Amino acid sequence: MCQDGKRHGRSILVAEGEDASESSAAERPTRHHVPPGSLKARLVQEQRAALKSSQKVRLSALRMLSAAVTNREVEVGRPLSDPEFVEVATREVKRRKEAAEAFAGAGRQDRADTEREEQTVLEEFVPEGISETEAEALIDEAISATGATGPGDLGKVMSYVMGKAKGRIDGKAVQTQVRARLGS
């Protein structure tokens, strides 16, 4: 019962002086909260600029990235950090690259070009990759650090290299080089 003596259905009453919506909303960020200076804030700014300048392909790519980020936030139940954002962006770049290859193989050059253009847009949110010489040095370091001697140690070396590179290197290329060095 309420203070006026009437029943108002099954609503929850909040004690005076406590406004649950104000206190809990101020304490925890929502997925709609965009911290200034973050990659997500940059994504929002880039979307606005693409919309204003009528860059359709760029806007489409940015919207797809935004949707992928939002989906990931829903999965984890919290806003993404910048490293997590980069993981999502890296995955989307890889998808565009694979789609461009598939379209080119099917003779759809127009669609392949669009996918490559989207890939270029999304690469702006991904850190620059490791050069070939840096990759070779990292593989050498991994082999010596793990004590790898043969093909059975491929997993140890791959884990070491991919952990150090953090999405800045292609796993297939690394695996090919590691297999060649370990003799498998």
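This report describes salt bridges in a predicted model, and then turns to the surroundings of one aspartate, Asp 153.

## Salt bridges in the model

The predicted structure holds 13 salt bridges, and three of the pairs are described here one by one. In one of them, Glu 84 is paired with Arg 78, and the closest N and O atoms of the two residues lie 2.7 Å apart. Arg 78 is partly exposed, its relative accessible area being 38%.

## A buried pair between helix 4 and helix 5

Another salt bridge joins the side chains of Arg 96 and Glu 118, with an N to O distance of 3.2 Å. Because Arg 96 belongs to helix 4, which covers residues 82-105, while Glu 118 belongs to helix 5, which covers residues 109-122, the pair ties together parts that are 22 residues apart in sequence.

Both partners fall under the 20% limit below which a residue counts as buried: Arg 96 has a relative accessibility of 7%, and Glu 118 has a relative accessibility of 5%. These two residues also take part in a wider network of salt bridges, in which Glu 92, Arg 95, Arg 96, Arg 111, Glu 115 and Glu 118 are linked.

## A partly exposed pair between helix 6 and helix 8

The side chains of Arg 181 and Asp 140 also meet in a salt bridge, and here the N to O distance is 2.3 Å. Arg 181 is found in helix 8 (residues 171-182) and Asp 140 in helix 6 (residues 132-146), so this contact ties together parts of the chain that are 41 residues apart in sequence.

As for accessibility, Arg 181 counts as partly exposed at 37%, and Asp 140 likewise counts as partly exposed, with a relative accessibility of 43%.

## The surroundings of Asp 153

Asp 153 is located in the loop between helix 6 and helix 7, the latter helix being made up of residues 154-165. Although Asp 153 sits in a loop, this residue counts as buried, with a relative accessibility of 14%.

When residues up to four places away in sequence are left aside, Asp 153 touches Gly 147, Ala 148 and Leu 182. One of these neighbours, Leu 182, falls within the range of helix 8, residues 171-182. The C-alpha atoms of Asp 153 and Ile 143 are 8.8 Å apart in space, while the two residues are separated by 10 residues in sequence.

Key. Residues numbered from 1 in each chain as written. Predicted model: local features only at pLDDT ≥ 70, side-chain atom pairs only at ≥ 80, totals over all residues. Heavy atoms only, no water. Salt bridge = Lys/Arg side-chain N within 4 Å of Asp/Glu carboxyl O. Buried < 20%, exposed > 50% of the residue type's maximum accessible area, 1.4 Å probe, protein only. Helix = DSSP H or I, 4+ residues; strand = E, 2+ residues; numbered from the N terminus. Contact = heavy atoms within 4.5 Å.
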